[in-house]
Amino acid sequence: MSRFRILFSISIACLLTLFACSSSVEKEASTEGIAAENTTKPSLAFPVYESFSEIAPIFKEQSDTTYVINFWATWCKPCVKELPYFEALHDQFSGEKLKVILVSLDFKKDIEPKLIPFVEEHKLRSNVIALTDHKYNEWIDQVDPEWGGAIPVTVVYNSKKRQFVGESFANQDQLFELVKELL
Amino acid sequence: MKRIVSICLFLTALSLSFVACTDQADQKTATKMENKEKAPAARAKLVSNKVAGIQVGDQAPNFKLKNVDDKMYGLEDIKDANGNAPKGFIITFTCNTCPVAKMYEDRIIALHDKMSPLGYPVVAIQPNDPSMKPGDSFSEMQKRAADKNYPFVYLLDDGQEIFPQYGASRTPESYLVDNTFKLRYHGAIDDNSGDPDGVTINYVENAVSAIQSGQDPDPADIKAVGCGIKAKRT
């Protein structure tokens, strides 16, 4: 009798656990469904990376392309101010071997409510990626040891030259001149 | 006896399933939480990160800066929560306007409340030039300090001569110095600026504990993303 009880209660417990989890999985799937239905506006037009290691290769490309990689965030006013310079650069050099990548450091909780609407509203044409790796100390030096952590910063490089800019650009010409030097 | 065991098993499984589900729900609401604050507008030139500053082990420069109470303070004028000369100082460059500094405001207050009784008060310094950031003017600092009842001094780096000597480049940025003014730890307060509940390492607290037990803090320097300090345009 008592053995039966043990078995019985264990099986009920298991069932409950299974039920609880499968129902939450279903809920998740259904909210995703809703999100997908609402996506006349693309809900994720850019990739979100949780670990710097996933994007580390874009700082070490050995091709004939010049990379302009800017770190920014929607909360950073001087960053937002200089975004149009990068967009202009992207447009002007669209036929050439130049790639502009805007790495957003917006916090994980701000991706949905802030970053997505921002990217949509400003119709950003450059490549946008979001990096939510908050273990900053583990990767900041991999971008450049000179970087203390303040944003914006920009890395411009190709297989021959590399330039780290630890501050915002005063104007569009300043960015263009720097890039032309490397091209 | 067996009955008790079976009931225990049952309850454990039940509570586990609950934990699993509430956890997920929490995360969902967290990602949906909307934060409507807007970054203040201002044209700003950032300081270059090439400032030399001080390294861990170096002597930190003293200063005489105006506090929100209109009095001038140097490190020798600051007492801990017990009214004693501090064993060390958590010098923290922070401001009213930077969104990251704002996220740390309550954590800096909590840090002071916890560390000042141990002999390590926070010394907050606002390094931005108020002409570049009106929200960081002395009167706005006074307002903010009064509104939040800052338990520590909140000093203005008037003329911006102090932050370059420290080599500070961002807000918030902390320098833990001992009572000989030797820099023992520099950098981030903890390891999760965006989410106080997600913090797993309290770097400054750990560094104070290390000093208290006669050790050198390890790590002694932790970088983190923050707002560039706004220097007056030349």
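In chain B, strands S8(B) and S9(B) form a hairpin with four residues between the strands. There, Phe181(B) takes a positive phi near 70 degrees. Strands here are DSSP E runs of at least two residues, helices are H or I runs of at least four, and both are numbered from the N terminus. This is a predicted model: local features need pLDDT of at least 70, side-chain atom pairs count only at pLDDT 80 or more, and totals for chains, interfaces and linings use all residues. Residues are numbered from 1 along each chain as its sequence is written, with chains lettered from A and ligands numbered from 1 in the order in which they are written.

S8(B) and S9(B) (residues 183-187) run antiparallel, joined by four bridges. Val177(B) stands opposite Leu183(B). S8(B) also pairs with strand S4 (residues 88-93) of chain B, antiparallel over six bridges; pairing takes at least two DSSP bridges. Ser174(B) is the bridge partner of Thr92(B).

Five of the six residues of S8(B) are buried, that is, 20 or more other C-beta atoms, placed from the backbone, lie within 10 Å of their own (12 or fewer is exposed, in between partly exposed).

Next, the core. The largest nonpolar core (buried Ala, Val, Leu, Ile, Met, Phe, Trp, Tyr and Cys joined through C-beta atoms within 7 Å) has 82 residues. Those touching the most other members include Ile151(A), Ile90(B) and Val204(B). Helix H2 (residues 99-115) of chain B gives the most, six residues. Beyond four places in sequence, the contacts of Val204(B) (C-beta atoms, placed from the backbone, within 7 Å) include Ile90(B), Ser174(B) and Leu176(B).

Notes:
Contact = placed C-beta atoms within 7 Å.
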